Amino acid sequence: MSKSDTFFIRAQVITDISSAEARQVEEIDLGSYVNLGLKQSTLLKVNSVQIQYCDSKGLPATVKEAPGAGEFGSAFCAAAITTKAVPASMAADAMPQLSDDSTMFTASIVASNGNTAAAGDQGITTSDMDLAPQHLADGYLVGVDTLYLYGASDDKWAEVVNVNVLLECQLVSATQSNAVALALSQQ
């Protein structure tokens, strides 16, 4: 594969709806892509990030039924990709934010079952992409062996929420200019 070819890395984290807002993590191994050697170094450039929130069958996850007629039931799910593991001092119900140097992507979804009392009658679903655009003009350089995919959701979902990501990537040779950019931006 030439260094100009793009390829895809896929990952999934399954949120824990039984423990409200507990952050879950899955590691994305980049050891076979990133090489920080003395003579020749290779970095990973992430060109775009796609995200999917779904149930275990790939369908939209449903919200628990509303507490009563005329009331709303709503739920949220959040995701983040970082270049470092979150510190042990971070609360278990907190998520990485874009103000953290190691955070490269965040997203969230809020769903409501509207004005009904039946579970699964989705009324409104919104998503907020916190890092726009998803297609990064010059890519996001990564020089670490592991990315961390985090997911958290509240206990208002009727089922487990899977957070799936697809990273469009390419390999690039490290140069003095992109090494400086990498050092200034994150790791």
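Trainee: Why is aspartate 155 called partly exposed?

Mentor: The model is predicted, and in it aspartate 155 has a relative accessible area of 28%. Buried means under 20% and exposed over 50%, so aspartate 155, at 28%, counts as partly exposed.

Trainee: What makes the contact of aspartate 155 and lysine 156 a salt bridge?

Mentor: The side chains of aspartate 155 and lysine 156 meet at 3.6 Å, N to O. The cut-off is within 4 Å, from a side-chain nitrogen of Lys or Arg to a carboxyl oxygen of Asp or Glu, so the pair qualifies as a salt bridge. A search of the whole structure finds 1 salt bridge.

Trainee: Which class does lysine 156 fall into, by its relative accessibility?

Mentor: Lysine 156 has 42% relative accessibility. That value lies between the limits of 20% and 50%, so lysine 156 is partly exposed.

Trainee: What makes Asp145 eligible for the negative surface patch?

Mentor: Members of a patch need over 30% relative accessible area and no salt bridge. Aspartate 145 has 45% relative accessibility and counts as partly exposed, so its area passes the 30% cut-off. The patch is formed by Glu26, Glu27, Asp29 and Asp145. Aspartate 145 lies in the loop between strand E8 (135–142) and strand E9 (146–153).

Trainee: How do you know that strand E5 pairs with strand E6?

Mentor: Pairing requires at least two bridges. Strand E5 (residues 74–82) and strand E6 (residues 103–112) have 9 bridges, in the antiparallel sense, so they count as paired. Threonine 82 stands opposite threonine 103 in E6.

Trainee: What makes E5 and E9 a pair?

Mentor: E5 and E9 are joined over 6 bridges, also in the antiparallel sense. With at least two needed, they therefore count as paired. Here threonine 82 stands opposite tyrosine 148 in E9.

Trainee: Why is E5 described as mostly covered?

Mentor: In E5, 7 of its 9 residues are buried, which means that each of those 7 has under 20% relative accessible area. For the protein, 44% of the 187 residues count as buried.

Trainee: Which residues of strand E1 make up its covered face, and which its uncovered one?

Mentor: In E1 (residues 6–14), Phe7, Ile9, Ala11 and Val13 form the covered face. The uncovered face holds Thr6, Phe8, Arg10, Gln12 and Ile14. In a regular strand the side chains alternate between the two faces of the sheet.

Trainee: How do you know that E1 pairs with strand E10?

Mentor: E1 and E10 (residues 162–173) run antiparallel and are joined by 9 bridges. At least two suffice, so this is a pair. Isoleucine 9 stands opposite leucine 167 in E10.

How values were computed
Residues numbered from 1 in each chain as written. Predicted model: local features only at pLDDT ≥ 70, side-chain atom pairs only at ≥ 80, totals over all residues. Heavy atoms only, no water. Buried < 20%, exposed > 50% of the residue type's maximum accessible area, 1.4 Å probe, protein only. Helix = DSSP H or I, 4+ residues; strand = E, 2+ residues; numbered from the N terminus. Patch = residues over 30% accessible without salt bridge, like charges linked within 9 Å, V, L, I, M, F, W, Y side chains within 5 Å. Areas by Shrake-Rupley, 256 points an atom, 1.4 Å probe, with all protein chains shown as cover. Lys, Arg positive; Asp, Glu negative; His and termini not counted. Charge placed at Lys NZ, Arg CZ, Asp CG, Glu CD.
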